[in-house]
Amino acid sequence: MHELFVTEVAAERNRELVDVAASSGVPISVVTDKAAAALSETVTPQGVVAVCDPVEVSLDAALTPSARLVAVLHGVADPGNAGTVVRVADAAGADAVVFAGDSVDVHNGKCVRASTGSVFHLPIARARSAEDVFTACRAAGLRLVAADGYATEDLVTADLRGDLAHPTAWVFGSEAHGLPDEVVASLDGALKVPLYGGAESLNLATAAAVCLYASARAHRA
């Protein structure tokens, strides 16, 4: 954190945060409600705005040989979905999240808010070239698995067979269009979440939660 802006009310409400910033030598500026609103992207700002370093790391730093579970977002444009998947990956104990191709910027305000702080808990990398991401995942010993609603095999069958116990990089596409066929064909496998009711599909964050937690459970079995 490089600088902190707070309103008087927010400073009282977040005294511990302000004290930590002050003890760390972070410059603190008390601002008006109007100024806080101008600095914030939200409709009802909380009165606290911080200037922080970017959270991205390199692919090599994020995808180490010790990684066992990684979430790859391919072409995910919606910041709310992306941030929620980061939160889910963090909760499931994933080792990293990678934004590939034309995905949203992880520093997008809505993405950061949807992550509820998880963008600061685990390594997050990005690369314009999805092929570079896939190559780096394989170099780290990860099996690339597409989360694809049209896959012939489902998550339950793969789990019973023991496939999810392997180090895995789950690849998720956009909620609107999913993963391109050529991307799915280039990966090491594809699995779908079985649907037992009448719903046609799951949203991105829900599907990611099911897939990531299935792998996390298999790794801890």
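Biologist: Which residue of β2 does Leu 4 stand opposite?

Modeller: In this predicted model, the residue across from Leu 4 is Ile 28 of β2.

Biologist: What makes β1 and β2 a pair of strands?

Modeller: Pairing asks for at least two bridges between two strands. Strand β1, residues 3-6, is joined to β2 by three bridges, and the two run parallel. Three bridges satisfy that requirement, so β1 and β2 count as paired.

Biologist: Where does that pair sit in its sheet, and why are β2 and β3 called edge strands?

Modeller: The order is β2-β1-β3, an open sheet of three strands with mixed pairing. Both β2 (28-30) and β3 (48-51) pair on one side only, and that makes them the edges. From one strand to the next, the twist averages 15 degrees.

Biologist: What is the strand order of the six-stranded sheet?

Modeller: That open sheet reads β6-β5-β4-β8-β7-β9, and its pairing is parallel. Here the edges are β6 (124-127) and β9 (189-191), each with pairing on one side only. Ignoring direction, neighbouring strands are turned by 25 degrees against each other on average.

Biologist: How do you know that β7 and β8 pair?

Modeller: Again we count bridges: β7 (residues 143-147) and β8 (residues 168-172) share four, in the parallel sense. The cut-off is at least two, so they qualify. One of the matched positions is Arg 143, whose bridge partner in β8 is Thr 168.

Biologist: Which helices lie on these strands?

Modeller: Among them, α5 (residues 79-91) lies across β4, β5 and β6, at about 155 degrees to β5. Helix α7 (residues 130-139) packs on the sheet too, touching β4, β5, β6, β7 and β8, with its direction at about 170 degrees to that of β4.

Biologist: How do you know that the span of α5 is close to what is expected?

Modeller: Its 13 residues reach 18 Å from first C-alpha to last, and the expected value at 1.5 Å a residue is 18 Å.

Biologist: What is found at the two ends of α5?

Modeller: At the start, a side-chain oxygen of Asp 78 comes to within 3.1 Å of the backbone nitrogen of Gly 80. After the helix comes Gly 93, with a positive phi near 80 degrees. The buried residues of α5, including Val 85, Val 86 and Val 88, pack against β4, β5, α6, β6 and α10.

Biologist: Why is Ser 118 called buried or exposed?

Modeller: Its relative accessible area is 4%. Buried means under 20%, so Ser 118 is buried. This serine is in the loop between α6 (109-115) and β6. Beyond its sequence neighbours within four places, Ser 118 is in contact with Val 86, Arg 87 and Asp 90.

Biologist: What makes the Ser 118 and Asp 90 side chains a polar contact?

Modeller: They are joined at 2.6 Å. The limit is 3.5 Å, so the distance fits.

Biologist: How many disulfides does the structure hold?

Modeller: Zero. For Cys 111, the nearest cysteine sulfur belongs to Cys 52 and is 15 Å away. A disulfide needs the sulfur atoms within 2.5 Å, so Cys 111 is in none. Cys 211 is in no disulfide either, with the sulfur of Cys 137, its nearest, 15 Å away.

Biologist: Are Cys 111 and Cys 211 buried or exposed?

Modeller: Cys 111 has a relative accessible area of 0% and Cys 211 has 2%. The cut-off is under 20%, so Cys 111 and Cys 211 are buried.

Key. Residues numbered from 1 in each chain as written. Predicted model: local features only at pLDDT ≥ 70, side-chain atom pairs only at ≥ 80, totals over all residues. Heavy atoms only, no water. Axes fitted to C-alpha atoms, helices over the stretch in contact; angles between N-to-C directions. Contact = heavy atoms within 4.5 Å. Buried < 20%, exposed > 50% of the residue type's maximum accessible area, 1.4 Å probe, protein only. Polar contact = N/O pair within 3.5 Å; in protein donor to acceptor, adjacent residues only side chain to side chain. Expected span 1.5 Å × (residues − 1).
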